[in-house]
Amino acid sequence: MEEKKVAAKRWSLEGMTALVTGGTKGIGHAIVEELAGLGASIHTCARDETELNQVLHDWTESGFSVTGSVCDLSVRQQREKLMEDVSSIFKMNLNIFVSNAGTNLVKPTTEYTAEDFSFLMATNFESCYHLCQLTHPLIKSSGNGSIVFISSIAGLTGFFAGTIYSASKGALNQLTRTLACEWAKDNIRINAIAPGFIRTPMVKKALEQEAFVNEYISRTPLKKIGEPSDVSSLVAYLCLPAASYITGQVITVDGGITVNGFYPDEL
């Protein structure tokens with residue numbers, strides 16, 4: 001009986017607390033529900049107050065323990081206010097930080113403005129870096145913490161456009177490796193997930209372009225577009241006690257497109 005209890009605990013987040021940024025839609029929404037379903041109490045954030053209040057109501061109706069703050073993560077002062085909320089709600093105890101929020105502007109490199117660069121880097125990389133600094137004391141005090149960055153395969157391989165986005169995700173990947181080494185002494189594990197093409201609102205326009213979708217699928221061994229739940233399940237695993245020996249890894253969830261080997265449909 002005792003062995004069964006130990007085994008069950010390895011696969012549960014019961015009693016744990018988590019901050020998940022950008023949790024109102026897409027991958028972030030799936031992550032909140034995945035972690036909450038495993039017993040964690042979640043705090044999330046979003047820029048749109050109406051959207052945030054709606055999903056918080058839905059989660060309450062579903063029996064999930066989720067709170068939220070309105071926050072533009074590209075603004076340093078708002079990140080600091082977010083962490084004041086988190087510290088107060090969770091009473092200075094935080095087990096999990098999932099940096100999910102991100103954005104993209106696709107342009108030719110010569111057409112990006114200084115404002116574009118600042119906004120994309122602040123949202124995709126600087127906010128993550130700063131929140132790591134702010135969450136560190138809380139996660140360290142938990143005694144066994146996990147941080148997961150939502151990166152992208154754009155930070156691992158070349159694409160036809162989006163150089164700033166790709167650079168921001170490449171920076172996240174390297175932050176994963178270095179911070180995992182630095183904070184191992186604090187019993188904090190750091191990992192990143194690099195999704196491929198996932199069916200979310202951010203890529204809605206691209207999904208409407210049949211030629212683009214067909215070309216992408218043709219280069220993907222599993223021959224399909226990913227779903228948010230394909231990413232959220234891996235996030236949950238990396239946060240579980242069962243994953244306690246995994247750190248410093250950048251793991252792709254991409255249907256195999258980054259291996260892109262030789263796999264003819266017919267021989």
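Which glycine follows α2, and is its phi positive or negative? Keep that in mind as you open the model, which is a predicted one.

**Stop 1: helix α2**

Select residues 26-37, the helix α2. Go just past its end and you reach glycine 39, whose phi is positive, near 105 degrees. Now turn back to the helix itself. With 12 residues at 1.5 Å a residue, α2 should span 16 Å, and its end C-alpha atoms are 17 Å apart, which agrees. Next, colour the buried residues of α2: Gly26, Ile27, Gly28, Ala30, Ile31, Val32, Leu35 and Ala36.

**Stop 2: the largest pocket**

From α2 you can step into the largest pocket, since α2 is among the elements that give two or more residues to its lining. The others are β2 (41-46), α6 (163-182), α7 and α8. To find the middle, select Gly102, Thr103, Asn104, Thr200 and Met202, which lie nearest the centre of this pocket among its 49 lining residues. The volume here is about 1,300 Å³. What kinds of residues make up the lining? They divide into 24 nonpolar, 17 polar and eight charged.

**Stop 3: an aromatic cluster**

Now show the side chains of Phe160, Phe197, Phe212 and Tyr216, which form one aromatic cluster. The structure holds five aromatic pairs. Before zooming in on this cluster, visit a pair elsewhere: phenylalanine 125 and tyrosine 129, with ring centres 6.0 Å apart and planes at 50 degrees, so the pair is tilted. Both sit in helix α5 (residues 114-142), and being four residues apart they are separated by about one helical turn. Tyrosine 129 is partly exposed, with a relative accessible area of 40%.

Return to the cluster and pick phenylalanine 197 and tyrosine 216. Their ring centres are 5.1 Å apart and their planes are at 45 degrees, so this pair is tilted as well. Where does each partner lie? Phenylalanine 197 is in the loop between β6 (188-195) and α7 (204-207), while tyrosine 216 is in helix α8 (residues 210-218), so the pair ties together parts that are 19 residues apart in sequence. Both phenylalanine 197 and tyrosine 216 are buried.

**Stop 4: the second largest pocket**

Keep Tyr216 selected, because the next stop shares it: the second largest pocket is lined by Ile153, Thr157, Gly158, Phe159, Phe160, Phe212, Glu215, Tyr216, Arg219, Ile257, Thr258 and Asn260. The volume of this pocket is about 260 Å³. Its lining divides into six nonpolar, four polar and two charged residues.

**Stop 5: residues 147-167**

Select residues 147-167, which the UniProt annotation "transmembrane region", from an unreviewed entry, covers. How much of this stretch is helix, and how much strand? In the model, the chain over these residues is 24% helix and 19% strand, and the end C-alpha atoms are 21 Å apart.

**Stop 6: the cavity**

Finish with an enclosed space. A search of the whole structure finds one cavity of 30 Å³ or more. About 70 Å³ of space lies in the largest cavity. To see what surrounds it, select Met16, Asn95, Ile96, Asn144, Gly145, Ser146, Arg189, Cys239, Leu240, Pro241 and Ser244. This lining divides into five nonpolar, five polar and one charged residue.

Methods. Residues numbered from 1 in each chain as written. Predicted model: local features only at pLDDT ≥ 70, side-chain atom pairs only at ≥ 80, totals over all residues. Heavy atoms only, no water. Phe/Tyr/Trp six-rings, centres within 6.5 Å; stacked < 30°, edge-to-face > 60°. Buried < 20%, exposed > 50% of the residue type's maximum accessible area, 1.4 Å probe, protein only. UniProt positions renumbered as here; feature names shortened; annotations may be inferred. 1 Å grid on protein atoms, 1.4 Å probe; cavity = no way out; pocket = protein on both sides within 12 Å on 5 of 7 lines; lining within 4 Å. Points joined across faces, edges and corners; volume = space filled by probe spheres on them. Nonpolar A, V, L, I, M, F, W, Y, C, P; charged D, E, K, R; others polar. Expected span 1.5 Å × (residues − 1).
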